Number of protein chains: 2
Amino acid sequence: MLDRLEMLRSLSVEKNTRMVLLVMDGLGGLPSADGITELEAAATPNLDLLASRGETGLLEMVDVGITPGSGPGHLALFGYDPRKHFIGRGILETLGVGAEVLPGEMCARGNFCTWGEGDIILDRRAGRIDTDSSASLIARLGKSIREIEGVAVRFYPGIEHRFAVVLSGEGLNDSVTDADPQNDGSPMVWSRPLEPLGTRTANVINSLIRRLRETLAGEEKASGCLLRGVSGTPEIPLFPDLYKMRSAAVATYPMYRGLARIVGMEVVDAGKTIESLFQAVKRDWNSFDFFFVHVKYTDSRGEDGDFEAKRDVIEKVDRLLPEILSLKPDVMVVTGDHSTPSVMGGHSWHPSPFLLSSRFVRTDGSESFGERACARGSLGVMPAHKMMGLMLAHAGRLAKYGA
Amino acid sequence: MLDRLEMLRSLSVEKNTRMVLLVMDGLGGLPSADGITELEAAATPNLDLLASRGETGLLEMVDVGITPGSGPGHLALFGYDPRKHFIGRGILETLGVGAEVLPGEMCARGNFCTWGEGDIILDRRAGRIDTDSSASLIARLGKSIREIEGVAVRFYPGIEHRFAVVLSGEGLNDSVTDADPQNDGSPMVWSRPLEPLGTRTANVINSLIRRLRETLAGEEKASGCLLRGVSGTPEIPLFPDLYKMRSAAVATYPMYRGLARIVGMEVVDAGKTIESLFQAVKRDWNSFDFFFVHVKYTDSRGEDGDFEAKRDVIEKVDRLLPEILSLKPDVMVVTGDHSTPSVMGGHSWHPSPFLLSSRFVRTDGSESFGERACARGSLGVMPAHKMMGLMLAHAGRLAKYGA
């Protein structure tokens, strides 16, 4: 069976066409008491017009009934089947705190913890130590621990007890278990190799934890750490090779910028607001063929369980949309990386509403952009990882398959 | 995972039922300025009635966004997943000029070319030599070159500088590169084996080119040739074995007759017109269980970019359709092998509209046969290679899977 990415790689050609993939994080929702969703409740004249001139459908991000994390959701939008291409928690957390990670480096999520007698972990979160204290501990560790067993170590502060570690050296891999007892009051459980290849990495992880304990000796707020989710950049073919286009990531949050970087996009300065995102697209319009534009706040307000606030973010995006539409992209897609219904206050498995606009569509009679309208759209329920190839086709960037 | 073809092979049974697969080549289109497609614009009372009594959907020929060539499109309609079963350019071109090709034989596309000093290829198309001159050169070559290194050689004339070659002998395969410099004014690039198994074939290809140069010595219009796309019949399970039915190919164009022959259909005399196609079905109604009926002209007019002419072909097919309907087939499917929107003037990736009529349908409220109507049909967007199994099911020709 010819793999889809192999097929796209072999058929993709360069062309002078511009594409925009606008991702409203967690866009999809569920009806609230009055029977309509956040997206359906929002006044979105520009998105509705785009839907009426395009085709609509639903994107199945991973598989039926599967709730995607942000990593798998975005990998799917970028064309990678998230059932085949996995992205680890350590690397995601590390990208999320703004670190750059190179191929071959290993990342881990760190927790400051409280260590008792006889290697008992009293509190896995060190009393949810405050973010400032945590950051000053990380600064201290960064100065005193630069290397373990010949492996360079970099520390990055996170929120409260959380931090990230990047290990850089020869012979590291992710075939190791977490160094974490899982429960407060349990004896420390050290990292173990899952196969012989992981022995060195497990040793480095455990040595780093011991060294960190020594360094923190006498420290009140935290007396040790746990390290989890050891993982590196995924082994995947990269955008320039796959799709033969110049790709820009326009995103305000570090994790999405990091995700885009590890698939080979160029990350551009995007400021901190939806306005600045859209201005960045305008500024760089002539320098790239493909723009991944990421709006975080739909997901944030959905996670807050705030129906009206999520609706308002969608309306704001809609009001600003003409900034991008005025550039006349050849292909424009608007969707989410997963659903975040505010009635659930978290990610969900419901497929993402999806519109595609180009000169070459069979308009499907859509009059608005919403979950139920998209469920009746002509693109049907489509695996999300196939969407990127559809954008390339509409941009005239895929040659014919076979004679 | 049980392969679909294996499943069909193990479940298929003989039965006294008749099926018609009517393929209008390149049927699917796109809206023109007035917002409707060729198929939607056509007056098709018979197809509309068939749709209203059947179920409709869209066929995804290869995969989302992938524009199929005629080979992959037809393989899919015949039940073969075109991502698994590939058909080479050489064999397709050779079938297209009307040659019969047996399993194990290798085909190549030939170009007459102009050969300069020091093996420089001056013009890869020999000034687009006229078809008559080309045919007389082929006749000459056919008499003087019958064998190369123990391999029998057959030549077939094509259009302008094009011709086809079939090599017949032991130990040939398709693991070789093209003998083609790709650009005018470049030194000849000879065929090379891609693996040791291809050594003999590459040698035969290169020797044939040298012998052809000697034979053409002193010839004004062409002084050599290039050979490309070496390929044989695909290794696939054949119709009689898979589906246990007597299958007739009713097609006017050589390539489609050839495609049908290599999957194991019997190719019947079909004349040159749509009328003669349909008369051939009537004539042979009692001799076969399955009729593949191929109308070429929808694609031809789409390729011409002639919206009205493509619409007119569809209307003509519709007017003649009662000839087939009067035979009362148990199952009738009407679709295309890919889309050829006249606004694009070429093949496209858009899925093919598709109707299936039988006694055992859940009619879906379709009132007409068109791209947008089919997008709302109950069969949804279906991988095209699954359609053949659906026809067999409706014809009562598939046993139950499991107890």
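**Close-ups of a predicted two-chain model**

**View 1. Two domains of chain A, with 34 Å between their centres.** That spacing, taken over C-alpha atoms, runs from the centre of domain 1 of chain A to the centre of domain 2 of chain A. Keep in mind that this is a predicted model. Domain 1 is built from two stretches, 4-86 and 235-394, while domain 2 covers 92-231. Where the two domains touch, each side puts in five residues. On the domain 1 side, helix 9 (residues 254-262) of chain A gives the largest share, with four residues. Sort that side by class and you get three nonpolar and two polar residues, with no charged ones.

**View 2. Helix 5 against helix 9 in chain A.** Here we zoom in on helix 5 (residues 89-96) of chain A, whose axis comes within 7 Å of the axis of helix 9 of chain A, the two crossing at roughly 120 degrees. That angle makes helix 5 of chain A oblique to helix 9 of chain A. As for handedness, helix 5 of chain A passes helix 9 of chain A in a right-handed crossing. Look for Leu92(A), Leu95(A) and Gly96(A) on helix 5 of chain A; they meet Pro254(A), Met255(A), Gly258(A) and Leu259(A) on helix 9 of chain A. Charged residues are missing from this contact, which is made up of five nonpolar and two polar residues.

**View 3. Chain A meets chain B.** At this interface, 22 residues of chain A are in contact with 26 residues of chain B. Two elements of chain A give two or more residues each to its side: helix 1 (4-11) and helix 15 (387-394). Helix 15 of chain A supplies the largest share of that side, four residues. The chain A side is a mix by class, with eleven nonpolar, six polar and five charged residues. On the confidence front, the model scores ipTM 0.91 and pTM 0.92. For chain A, the mean pLDDT is 96, and 100% of its residues reach 70 or more.

**View 4. Helix 3 and helix 12 cross in chain B.** Now over to chain B, where the axes of helix 3 (residues 45-52) and helix 12 (residues 307-325) come within 7 Å and cross at roughly 55 degrees. Helix 3 of chain B and helix 12 of chain B are therefore oblique to each other. From helix 3 of chain B, the residues to pick out are Pro45(B), Asn46(B) and Leu47(B), and their partners on helix 12 of chain B are Asp318(B), Leu321(B), Pro322(B) and Leu325(B). By class, this contact has five nonpolar residues, one polar and one charged.

**View 5. Helix 10 alongside helix 12 in chain B.** Helix 12 of chain B turns up again, this time with helix 10 (residues 274-283) of chain B: their axes come within 9 Å and cross at roughly 15 degrees. An angle under 35 degrees counts as roughly parallel, so that is how helix 10 of chain B and helix 12 of chain B are described. Their crossing is right-handed. Helix 10 of chain B brings Ile274(B), Glu275(B), Phe278(B), Val281(B) and Lys282(B) to the contact, and helix 12 of chain B brings Lys316(B), Val317(B), Leu320(B), Glu323(B) and Ile324(B). Six of these contact residues are nonpolar and four are charged, with no polar ones.

Key:
Residues are numbered from 1 along each chain as its sequence is written. Chains are lettered from A and ligands numbered from 1 in the order in which they are written. This is a predicted model: local features need pLDDT of at least 70, side-chain atom pairs count only at pLDDT 80 or more; totals for chains, interfaces and linings use all residues. Domain bounds come from an automatic or database domain assignment. Two residues are in contact if their C-beta atoms, placed from the backbone, lie within 7 Å. Ala, Val, Leu, Ile, Met, Phe, Trp, Tyr, Cys and Pro count as nonpolar, Asp, Glu, Lys and Arg as charged, and the others, Gly among them, as polar. Axes are lines fitted to C-alpha atoms, for helices over the stretch in contact, and angles run from 0 to 180 degrees between N-to-C directions. Angles under 35 degrees count as roughly parallel, over 145 as roughly antiparallel, 65 to 115 as roughly perpendicular and the rest as oblique. A crossing is left-handed if the near helix is turned anticlockwise from the far one by less than a right angle, and right-handed if clockwise. pLDDT is the predictor's confidence in each residue, from 0 to 100.
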